[in-house]
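Could you walk me through this structure, starting where the chains meet and then moving inside one of them? An informal tour is fine.

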Amino acid sequence: MPDIKDYKGQTPAWCPGCGNFGILRSLKRALVELGLEPHQVLVVSGIGQSGKTPHYMQCNTFNGLHGRTLPVATAARLANHEMVVIAEAGDGDCYGEGGNHFLHAMRRNPNITLLVHDNQIYGLTKGQASPTTAEGTVTKTQPFGVPSEQLNPVALAVAMDAGLVARSFVGDMEHLTEMMKAAIAHKGFALLDIFQPCVTFNKVNTYDWYRKRVKPVGEDYDPEDRLNAFETALIWGEEIPVGVLYRNPGRPAMEERFPVLAGTPLVKQPFDLETGRRAIDSLAL
Amino acid sequence: MDYSVKIGGEAGQGIQTVGGLLAEVAGTAGYHVFAHQDYESRVRGGHNFYQLRISTGRATSSREKVDIVVGLDKASLGLHKPELTERGIFILDAESLKMTGEAEGDPGLVHVPFERLAVEKGGSPIMANVVAVGAVMGMLGMDLSPLLDLLGARFRKKGEQVVRGNIDAARAGYDYAREKCPQCSFAPEKPVGPPKLVIDGVTAVGLGAVASGCKFYAAYPMTPSTGVLNTMAAHAKEYGIVVEQAEDEIAALQLALGASFGGVRAMTGSSGGGFALMAEGLALAGMTETPVVITIGMRPGPATGLPTRTEQGDLLFVMHAGHGEFPRVIFAPGTPEQAVLLTNKAFDLAEKYQIPAFVLFDQYLGDSQWTYEKMNTDTLVYTDYRVRGEEFRKLAQYKRHALTESGVSPLAVPGDAPHVVVTDSDEHDEEGHIIEDGGLRRKMVEKRVFRKWAHIAEEMKGPEPYGSEDPELLLAGWGSSCGVLREAVDALNARGTRAAMLCFTEIFPLPSGDWLDRLKAARRTVCVEMNATAQFSRYITMETGFTFNEIIKRYDGRPFSVGYVLGALDAGH
Ligand SMILES: Cc1ncc(C[n+]2csc(CCOP(=O)(O)OP(=O)(O)O)c2C)c(N)n1
Ligand code: SF4
């Protein structure tokens, strides 16, 4: 059985009190509780404070470029569909620079889990607005207030019929860990948008701000009712619902759509020089 | 025997069907074929052509003059009649083009009612193309049976009636042409050698990838590289390949990198414009030492330029793309066979040295068709350089970016052992974890850039000299113009000029060898390339200090021909 110590990595270089610590701890816990060994897991990340997460734990890691987490994660999963693949991204990373990939990952429905460290601000580049920053918020870069409407990732995901759409908050690690487990266990694309206060640059969306607002969906909430899920995803203000907001268990995962992936993972399918020669000779008359 | 046939017409009229059928039939019959295509960036209308050479000897370029033109539109007459040889024949369906007036009284103009014969004999107007193919074969005096066999095989699935109709249509065109054109005195020689395979450059690149164990291909469509995507998709099932159409070129390369990190050989392809979007990902491949093959079908730029035409305009871009410093290799095949073998070499070196490897072609090579009796598979290689399975499990410890003597660190397949595989786009330590340390950064650069580089350079082969051993005129070129240069050299020697050529296909890093001595020894050196700024010539100067006496450039989007090169040489450029 894996132990939390197996996942011990480098010492994080985040600001003291950063919400990312809660994500790191919950992720390790979720993986251990799911009985996964570090080498069975691949975490792909982008650039930003969120992107550093896999360095602070122990697992296979591809820490790539800003916004490019999802295509790398998708193809790694196609190469080896026995590997648990988790994509970690920031809100700027995933919804800004990587917006197109986000849309298409939902269309493709690969069996990967996307954890978005949503602090509603750019952390690493020091406090510019992100797509999830509220309209009107004043920053150094947006001195007259953010002129664009705030992106609602969960509503967008429900509209795209994503496999699983969930939201959580680092202030409730119990809930966060459960949500991570549900997302990883889901067959198909799972989005988990995580409220992660940036204590240095976001003076609006603080621990207190989130704590006052987040409200888990009730026991009787039916995440498979899409219209209701959409309505729930639109709620934002004094009350912000968290939990599994939407689930479509019926959509086949991307890898199920490729006949060549029906049996052995691609990475284990043999190839040799003879096959290469045959490929050429078969074209010759 | 060496005949040239041109099919001219609007996009969507079946130029490619007629030309492609002729090429295939001639190849099957045992002739050598060379074909090239010229088309506009539109799906219907405009004016396009397909030109093929049917020859008993090896053909590696198109001729200026043609023996037969099949004009499928009105514009063809004005455009292509002047290109006919003295005894050349222009075939047209004057009835359906409503050009019966023009077709009268000109012995060089032969009317064949493609459409009427198709309806009367074949049963459907869509068989007009087959009538045209039959007519050309009749005029050339070729044996019709290979065409009948081919039609039988092609339409078998559609039933007896469709096969019959096509065969009757082909025969009708053939008989009509033979009967109505007594002045057609083309005397075909019997083909030499066995049936030949007809293959174009784009298919060859794809085939080279399939034959190299490529298991993952992601791309976003862009002419002229789309054919590679189609080829990979066509072979996906049989050879176990995942082919994915990406949302953009940025994703295409990232997908390839993800698959490669996951443990399989991966490739992406685009044209210059799409590759422009991949520059950041290219640097990521360099930093994370993730093997990847990128094929680029060049077309005139900048931006989207002339989308369907040809240019060798992206060499220096590809050479320098990406931020920062990292090794890469660039190949530029000159023939479909080289496209297969160099794509194979690209896969081998990409994985051996964990670097990005490029296969550069251009629209001209991509869409050109050549014949081969058998593709050369002797030099094909396949070595799995990855640490996987049992071998990986047996390691006491594993460091993805270990500092090694050779500069090459072990590339392990994640998941196969209790060790983890870690890499990072930021500078990293031997384990792959992010660092800021200046000393370690230095060591990593030295490993990635210098130590590996020395070994990679040794893998590159210089050009095989062709032509006179003691040339007074030495032509140099790269990639797709090799075929034209070879025939230009033959023509020069035939008229008494001692000429030779050096055609580079392994471009970057620059191979060593005696080619530089040959250049220095020749009296007149001319670099021939299809761009406005003499990129290859500048590259040679940059690396060696050698400068060519003259440069022949072409940048109107049209390919070189032997006549163009000879004319430019005579003009003393
Ligand atoms: C192509 C590119 N553009 C810009 C950057 C600079 N950059 C680094 S992190 C970042 C934004 C980080 O914000 P977010 O994704 O929300 O992550 P956080 O740091 O808040 O976790 C940017 C713009 C980059 N690395 N690459
Ligand atoms: S800047 Fe914000 S997001 Fe980044 S480490 Fe500090 S608190 Fe966390």
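What follows goes from the interface to a strand that crosses it, and then to two spots within chain B.

A bit of housekeeping: this is a predicted model, in which local features need pLDDT of at least 70 and side-chain atom pairs count only at pLDDT 80 or more, while totals for chains, interfaces and linings use all residues. Residues are numbered from 1 along each chain as its sequence is written, chains are lettered from A and ligands numbered from 1 in the order in which they are written, and side-chain values use heavy atoms, with hydrogens and water left out.

Let's begin where A meets B. Here 53 residues of chain A are in contact with 66 residues of chain B, contact being heavy atoms within 4.5 Å. Together the two chains bury about 4800 Å², with 66% of that on carbon and sulfur atoms; buried area is the accessible area (1.4 Å probe) that two parts lose on being put together, summed over both. On the chain A side, the most area is lost by A:Phe62, A:Phe271 and A:Ile280, which together make up 14% of what that side buries.

There's charge pairing too: the count between the chains is 4 salt bridges, each a side-chain nitrogen of Lys or Arg within 4 Å of a carboxyl oxygen of Asp or Glu. In one of them, A:Arg108 meets B:Glu247, with the closest N and O atoms 2.7 Å apart.

Strand E2 of chain A (60-63) is one of the elements that supply at least two residues to this side; helices and strands here are DSSP runs of at least four residues (H or I) and at least two (E), numbered from the N terminus. The strand runs parallel to E15 of chain B (residues 422-424), joined by 3 bridges, where DSSP must find at least two for strands to pair. A:Phe62 sits opposite B:Thr423 there.

Now look inside chain B, at its own strand E2 (residues 32-38). Because 7 of its 7 residues are buried, this strand is largely enclosed by the rest of the structure; buried means under 20% relative accessible area, with a 1.4 Å probe and protein chains only. A hairpin through 6 residues leads from E2(B) to E3(B), and the two pair antiparallel over 7 bridges, with B:Val33 opposite B:Ile54. E2(B) also runs antiparallel to E14(B), through 2 bridges, and B:Ala35 faces B:Gln369.

Last stop: B:Ile552, in strand E21 of chain B. It counts as buried because its relative accessibility is 0%. Among the residues that B:Ile552 touches are B:Val526, B:Phe560 and B:Leu569.

How values were computed:
Buried means under 20% relative accessible area, exposed over 50%, partly exposed in between (1.4 Å probe, protein chains only). Lists of a residue's contacts leave out its neighbours within four places in sequence.
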